[in-house]
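Colleague: I'd like a close look at one part of this model. Please take it strand by strand, and keep the cut-offs explicit.

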Amino acid sequence: MLELVLTVLAAVLVLVLAVVALGAWRFLRATRGARRHLRELGGHREVAVLLGRASAGRDQKPAVGTLVRTDEVVALVPATNGPEVQVARESLTGASVTSTFLGRTFAEPALLLTWEENGLGDAAAMRVEDPQSWVTALTTAPES
């Protein structure tokens with residue numbers, strides 16, 4: 001009887017280890033593309049949470065990623081799955097600090113970006129550590 005219990009416990013342990021290994025492999029595979037894209041972009045980067053994008057409607061879930069700023073682009077690259085936001089700096093029409101977006105109120109200030117592409121306006125709110133520093137950096141002309 002003890003031998004049967006030990007065999008079952010060993011089988012359960014192997015199964016649990018296999019599930020954990022599969023989960024780790026899937027996570028690393030899912031983040032590989034994001035890490036590659038971040039290397040390609042370069043620039044200043046910071047962990048951020050996409051709180052919403054106006055063109056995606058009201059029913060959105062927050063997406064954790066990395067916010068990147070270069071002289072040419074501002075991009076939020078999601079850590080795993082989620083929407084990527086990439087805006088040419090020349091398309092930006094505004095950067096400000098807000099506490100509301102898409103009818104939601106946030107406990108902490110968020111960075112609000114607005115832009116226009118192909119004649120259509122859009123906006124996105126992101127939680128970053130210091131939204132005002134992003135506003136200052138994005139509203140100051142890049143050095144040439």
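Colleague: How many bridges join β2 to β3, and do these strands run parallel or antiparallel?

Modeller: Some ground rules come before the answer. This is a predicted model: local features need pLDDT of at least 70, side-chain atom pairs count only at pLDDT 80 or more, and totals for chains, interfaces and linings use all residues. Residues are numbered from 1 along each chain as its sequence is written, and side-chain values use heavy atoms, with hydrogens and water left out.

Now the answer. β2 and β3 are antiparallel, with five bridges between them. Strands count as paired if DSSP finds at least two bridges between them. Helices (H or I, at least four residues) and strands (E, at least two) are DSSP runs, numbered from the N terminus.

The wider frame is quick to state. The protein chain has two helices and seven strands. Their order from the N terminus is α-β-β-β-β-β-β-β-α. Of its 144 residues, 35% are buried; that means under 20% relative accessible area, while exposed is over 50% and partly exposed lies in between (1.4 Å probe, protein chains only). Of the contacts with a separation of 6 or more, 49% link residues 24 or more positions apart. A contact is heavy atoms within 4.5 Å.

Back to the strand. β3 covers residues 73-78. Six of its six residues are buried, so the rest of the structure largely encloses β3. In a regular strand, side chains alternate between the two faces of the sheet. Here V73, A75 and V77 lie on one side. V74, L76 and P78 lie on the other, and both faces are covered.

β3 has a partner on each of two hairpins. The hairpin of β2 and β3 has three residues between the strands. Within that pairing, R69 stands opposite V74. The hairpin of β3 and β4 has six residues between its strands. Four bridges join β3 to β4, again antiparallel. L76 has V85 in β4 as its bridge partner.

The turn between β3 and β4 deserves a look. G82 sits there with a positive phi of about 145°. T80 is in the β3-β4 loop as well. T80 is partly exposed, at 34% relative accessible area. Its C-alpha is 8.7 Å from that of A63, although the two are 17 residues apart in sequence. G82 has a similar link: K61 is 21 residues away in sequence, at 8.9 Å, C-alpha to C-alpha. K61 belongs to the loop between β1 and β2. K61 is exposed, at 72% relative accessibility.

R69 leads on to the second helix. The charged end of R69 sits over the ring of W134, 4.7 Å from its centre. The rule asks for NZ of Lys or CZ of Arg within 6 Å of the ring centre and within 35 degrees of the ring normal. W134 is one of the buried residues of α2 (residues 131-139), alongside P131, V135 and L138. Down the axis of α2 these fall within an arc of 100°, so they line one face of the helix. The arc is taken over directions from the helix axis to the C-beta atoms. What covers these buried residues includes β3, along with β1, β2, β5 and β6. That brings us back to the strand you asked about.
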